[in-house]
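What follows is a report on a single protein chain, read from its backbone and side-chain geometry. Please keep the sequence and the structure in view while reading.

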Amino acid sequence: MSKLVIFRIEAGNFEQGFPVNLEIRDTGKLCVPEVTGFLVGAPNVPARYTEWQQAYYAWGEDANCRWWGRSNSVNNQVNPENSLRQIQVPPQTNSNYSSGNSGDQAKTAALNLEKDFNDWLDHSSLEDIKETLLHTVRSDETVRFIVQTNNLELQKLPWKLWRLLGKWYGDSEVALSTRKAPEKGSLRLPVKILVILGNDENIDIKTDWNILQKRLSTAKLTLLKKPRSEEVREQLKNIHWDVVFFAGHSSTEPGGTDARIWINEQEYLSPQQLKTALRTAVKHGLKLAIFNSCDGLGLARQLENLQIPHIIVMREPIHDEVAQKFLDYFLTSFAEGASLHEAVGEARDQLRLIENQSPNASWLPVIFQNPEESPLLYPRKELLSELVENSSTNSKTKQKIKKYTWWGIGAIALITLAFVIYKIIDLSKDSTLAPGISLGEEILSQNSTPEKQAGVKAFKDKNYSVAITNFKASLQKNPNDPEARIYLNNAKVANNKETIKIAVSVPFGGNQTIAEEILRGVAEVQDEINRDIGINGKSLQVVIANDNNDSTRAEEVARKFVKDTTLQAVVGHNSSNASIAAAPIYKQGKLVMVSPTSFANNLQESSYIFRMVPQITFFAAQLSNGLGRAISNPKVAVCVDTDVSPDQEDFRTQFKYVVSAYKGHNIELSCDLSESNFNPNTIVEVIRKNNVNSLMIAPYVNNLPKAIGIFKALQENQSPMKLFGSPTLYTEQTIKLGGRSVEGLTLSVPYYPDEREKNSFRELWKTELNTWRSPLAKDATKAIVTGLEQLLKQPQPNRQELDNILRNPNFKVKGVTGEFNFDKNVGERKFMFQPKRTDALIQIQSGKFVKIE
């Protein structure tokens, strides 16, 4: 049983908008409580439909193309009392449709309608509806969609073209309905079909009869050819029909409230005129009415009022050949076991192949149905039961059945074994099965709530709707938790067929604050991508790993990531020692790594390794220049954490060189902050003995608390001096731990956000943007996403090609820090030579980071 999704629109108009309710059912029962949304006013949408309709009619009337045959447009003289009217072309609001390019004009008008239709839906307040739908109905589930409304303008729209449904449920049909009625049940054998071939002037409807006979050879077909009206009524009332089929001329009245079918050259009938007969037919078991004729929305509305369970009509006038192709494709699929929705969908796909000759042919078929009905199937005898029945008179056949049965069991066993072996092999590649790597199954940070724990458990159990609820509740309590936000985003799209994965590696164990700063940048991009249409239609999932800024652990993580073929790229690592250790593994595995935060001079590669920040020596030079301008004859105590990270030695060397150029003096301090018995007072004593006037500290990121301990020790010993530091100290942790002891601390940093960016960050995370890591991580992720957008356009995309895309000189990323690309030779973001530099000197003033240069 497929799920049923109903968008119920009971009131409103295109001027003021429409309230809309979402109802999702499984086996007839509600899966989740109803949710509501609002379609904003958009008078341009019905206007666009009218423009397309006019262009489509102009194409049909073009002498250079074949006019659709099944409208009520006939030229012979007939009884005036029953005259067959010319087709009603909508009032012209734009008459610029020339015969020379009418087909192109119809296609252009269709594109305009599709764009405005989707823009309207995208800008409407449907967040709760979209979220509930995506979390309740998996993209690989069979699902039927129904738009239930009485609004004529809404019924005209091509709901099948809604991007949301096409993205996640591409093969599913969208039916229309006006009301619910009691279920009438399924078709039964033998299927009895009343075939009415009406007025055939200028059209070929004999082909329809041939198709019916060919595709439904087991059905009981009764033909009425150009019948009299009384004959039609008698047949409907006196014989129990399963299906009624009509081919001929038809039309909807201009107001859309009534319709007509021409049953012969002299007579037409409307559903109102057939009301009594059709109600009797429904009572006797009529399940389906097919009108393979023109302009049938009015027919469908009236027939549904008579509680016919399933109806197929054509939205607008239809080309004779298109009508025949639709019938052939539809009946072929329906008779072979596809449901009504599936068969219409398959026929619609086939019609797309002829749209160069008949514009928007695939738009024309429309299903009306009672929402209470189960999926309609064409009944067939089971092949196995037929074989068993025949075998009762043939012992040899019995032996064959037994033999084939054992063969079948053996084949199933082999297939099952192969599948199990495949899954074992496949699962070994899944990086998230390893401890410390998670898509949502494990909490890696120390930032937790009971709701987050419940969300992780539900995610692990693949109960994604429960996971979403709990992750949301956790974020209500703790909105600045990026791990929970990424897990929430992952859960939201976990059931989607079309997803794409990247990974991020951060130091949760080494430095929780720094890890979360990086994750916030990644989470913001994931939010933006998944709110829009994804990366070329694919939603983004992010795998998180904890490497603790440890080189051995970083190597382990890199090996897991390289082995996981679902991952397309990696944001990370944080520290230079972790990135340098992991880089050869990524390079050998041909998996792109983009580090947003690693400074080491030797992190330069000609393939697969990229970084967002320049070499650390750039910041050392910038900082020492600032110091030289601020202090005459500077005497600087230099505390650099050299034994842990390779970039620190580069920083010290460059800093000392520039200070010397300002005729300053450098006092080397023994400053191994990684020592377990490190004592900041020892550093303070050396500083006092040497009578220095400034201090520069460049700590390894995991040793930030010890570096701040030196500042605090200076304050306690009342040793005022100018304070300077490396970019590592630009973090909320410095202000929180340092307090007044870090007032006046000057830092050289790769990026300082403006007020607009700070406000946006504060609104989302409910905390201050006191770091360069979040924006640079955001731009690292943007670079990967931009590259993937280009990669997915290739005929056979593979992740190895992403490196070539990122190194292409024409590759550009519009990041929060400005537009950038990468140096193709070393993989470094082109930073120093930008017209507008994003680096800055900042200082802590009154407990805030302030830009001073």
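In this predicted model, strand β18, residues 539-546, has eight of its eight residues buried, so β18 is largely enclosed by the rest of the structure. The enclosure holds on both faces of the strand: Ser539, Gln541, Val543 and Ala545 point one way from β18, while Leu540, Val542, Ile544 and Asn546 point the other way, and all are buried. Strand β17, residues 499-506, runs parallel to β18 and is joined to β18 by eight bridges, with Thr499 standing opposite Ser539. Strand β16, residues 437-438, pairs with β18 in the antiparallel sense over two bridges, and here the bridge partner of Ser438 is Ile544 of β18.

Residues of these strands also appear around Phe561, which, together with Tyr586, Leu695 and Met696, touches the most other members of the largest nonpolar core, a set of 133 residues. Residues up to four places away in sequence aside, Phe561 touches Ser431, Ile437, Ala503, Ser505, Val543, Ala545, Leu567, Val570, Tyr586, Leu591 and Arg799. A second, separate core holds 120 residues, among them Ile24, Tyr56, Ala281 and Leu351. In soluble globular proteins, nonpolar side chains tend to be buried together.

Leu695 is also one of the contacts of Phe711, a residue of helix α23, residues 704-716. Is Phe711 buried or exposed? With a relative accessibility of 1%, Phe711 counts as buried, because the cut-off for burial is under 20% relative accessible area. Apart from neighbours within four places in sequence, Phe711 is in contact with Leu695, Ile697, Leu723, Leu729, Ser741, Val742 and Leu745. Phe711 and Pro680 lie 31 residues apart in sequence, yet their C-alpha atoms are 8.5 Å apart in space.

Leu351, named above as a member of the second core, is also among the buried residues of helix α11, together with Leu340, His341, Ala343, Val344, Gly345, Ala347 and Arg348. The buried residues of α11 pack against β5 (143-149), β6 (174-177), β13 (288-292), β14 (310-314), α10 (320-335) and β15 (365-369). The buried residues of α10, for their part, are Asp320, Val322, Ala323, Gln324, Phe326, Leu327, Phe330, Leu331, Ser333, Phe334 and Ala335, and they pack against α6 (206-215), β9 (243-247), β13, β14, α11 and β15. An α-helix has 3.6 residues a turn, so residues three or four places apart point the same way. After α10 comes Gly337, whose phi is positive, near 115°.

For both helices, the length can be checked against a rise of 1.5 Å a residue, as set out below.

| Helix | Number of residues | Expected span | Distance between end C-alpha atoms |
|---|---|---|---|
| α10 | 16 residues | 22 Å | 23 Å |
| α11 | 12 residues | 16 Å | 17 Å |

The distance agrees with the expected span for α10, and it agrees for α11 as well.

Elsewhere in the chain, three strands form an open sheet in the order β10-β11-β12, with antiparallel pairing. Because β10 (249-252) and β12 (268-269) stand at the edges with a single partner strand each, one side of each is left without a neighbour in the sheet. Strand β11, residues 259-262, is joined to β12 by two bridges, and the bridge partner of Trp262 in β12 is Tyr268. Helix α9, residues 297-305, lies across β10 and β11 and runs at about 80° to β10. Gln302 has its place in α9 and is buried, with a relative accessible area of 10%. Gln302 and Gln272 are separated by 30 residues in sequence, and their C-alpha atoms by 7.4 Å in space.

Turning to the protein as a whole, the secondary structure comes to 27 helices and 30 strands, and 57% of the 853 residues are buried. Of the contacts between residues at least 6 apart in sequence, 71% join residues at least 24 apart. The accessible surface comes to about 36,200 Å², and 48% of this surface belongs to carbon and sulfur atoms.

Note on methods
Residues numbered from 1 in each chain as written. Predicted model: local features only at pLDDT ≥ 70, side-chain atom pairs only at ≥ 80, totals over all residues. Heavy atoms only, no water. Helix = DSSP H or I, 4+ residues; strand = E, 2+ residues; numbered from the N terminus. Buried < 20%, exposed > 50% of the residue type's maximum accessible area, 1.4 Å probe, protein only. Contact = heavy atoms within 4.5 Å. Areas by Shrake-Rupley, 256 points an atom, 1.4 Å probe, with all protein chains shown as cover. Expected span 1.5 Å × (residues − 1). Core = buried A, V, L, I, M, F, W, Y, C linked by side-chain atoms within 4.5 Å. Pairing = 2+ DSSP bridges. Axes fitted to C-alpha atoms, helices over the stretch in contact; angles between N-to-C directions.
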